[in-house]
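Subject: Structure handover

Hello,

Here is the structure we talked about. Please open it and keep it beside you while you read the notes below.

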Amino acid sequence: MTREDLTAWALANGWQIIGGHLSLTKPSAPKEAVVRMVCKATVVHIEAKKPAGKWEKLSGAAYGAIEPDPESGLPRGLGFTTLQGFRGLLEDNKNRTVFANFGPHR
């Protein structure tokens, strides 16, 4: 996957840009990033915010080593399937994005 492919996937799946990085938030604090994807020239890193406020690198890979899962589309190679609690956080963010687009009806 390229940087553009990853960005398109992330934005379509509930990630938002906070502080210049693709980020996931907690439902209780939707403006504060708790997980972010740091895209560099040749690699991408997944980082989580520790309670003290520092970012900890959880995983990373070169763009060429990242492939979309044929069934789910989830990028493989970044450790998403092994990160504890990541799937739930991803679902929460995706659902919030989808339902926010509905808005009030008249």
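The radius of gyration is taken over C-alpha atoms, and the globule rule is 2.2 Å times the number of residues to the power 0.38. For 106 residues, that rule puts a compact globule near 13 Å. The protein has 14 Å, which agrees. Please note that this is a predicted model.

Overall picture

Start with the box. Along the principal axes, the C-alpha atoms fill roughly 45 × 35 × 25 Å. Now count the elements. The protein has 2 helices and 7 strands. Their order along the sequence is α-β-β-β-β-β-β-β-α.

How much of the protein is buried? Buried residues are 33% of the 106. The exposed surface comes to about 6700 Å². Carbon and sulfur atoms supply 54% of that surface.

Then there are the contacts. Take those with a separation of 6 or more. Of these, 32% join residues 24 or more positions apart.

The charges come next. There are 14 positive and 10 negative side chains. The centres of the two sets lie 9 Å apart.

Strand by strand

Begin at β1, residues 16–18. It pairs with β2, residues 21–26. The pairing is antiparallel, over 3 bridges. I18 sits opposite H21 of β2. The two strands form a hairpin, with 2 residues between them. Look at G19 in that turn: its phi is positive, about 65°.

Move on to β3, residues 29–39. β2 and β3 run antiparallel and are joined by 5 bridges. A hairpin of 2 residues links β2 to β3. Two bridge partners are worth finding on screen. T25 is matched with A33 in β3. L22 is matched with M37 in β3.

Next is β4, residues 43–49. It runs antiparallel to β3, and 5 bridges join the two. The hairpin between β3 and β4 passes through 3 residues. Here V35 faces A48 of β4, and M37 faces I46 of β4. So M37 appears twice in these notes: L22 is its bridge partner from β2, and I46 stands opposite in β4.How covered is β4? Mostly: 5 of its 7 residues are buried. On to β5, residues 55–62. β4 and β5 run antiparallel, with 7 bridges between them. I46 stands opposite S59 in β5. The hairpin of β4 and β5 has 5 residues between the strands. Within that hairpin, G53 takes a positive phi near 100°.

Three residues to look at

Select V35 first. It lies in strand β3. Is V35 buried or exposed? Buried means under 20% relative accessible area. V35 has 10%, so V35 is buried. Which residues does V35 touch, leaving aside neighbours within four places in sequence? The contacts are W15, L22, S23, L24, I46, E47, A48, W55 and L89. A48 is also the residue opposite V35 in β4. Now measure across to F86 on your screen. V35 and F86 are 51 residues apart along the chain. Their C-alpha atoms are separated by 8.9 Å.

Select C39 second. C39 is also a residue of strand β3. Its relative accessibility is 17%, so C39 counts as buried. Not counting residues up to four places away in sequence, C39 touches R3, V44 and Y63. How far is C39 from L11? The two are 28 residues apart in sequence. In space they are 14 Å apart, C-alpha to C-alpha.

Select A52 last. Where is A52? It is in the loop between β4 and β5. The cut-off for exposed is over 50% relative accessible area. A52 reaches 77%, so A52 is exposed. A52 and L78 are 26 residues apart along the chain. Their C-alpha atoms are separated by 24 Å.

To recap the pairings, follow the hairpins in order: β1 with β2, β2 with β3, β3 with β4, and β4 with β5. Trace them on screen, then come back to V35 in β3.

Best wishes

Definitions and conventions
Residues numbered from 1 in each chain as written. Predicted model: local features only at pLDDT ≥ 70, side-chain atom pairs only at ≥ 80, totals over all residues. Heavy atoms only, no water. Helix = DSSP H or I, 4+ residues; strand = E, 2+ residues; numbered from the N terminus. Buried < 20%, exposed > 50% of the residue type's maximum accessible area, 1.4 Å probe, protein only. Contact = heavy atoms within 4.5 Å. Areas by Shrake-Rupley, 256 points an atom, 1.4 Å probe, with all protein chains shown as cover. Lys, Arg positive; Asp, Glu negative; His and termini not counted. Charge placed at Lys NZ, Arg CZ, Asp CG, Glu CD. Pairing = 2+ DSSP bridges.
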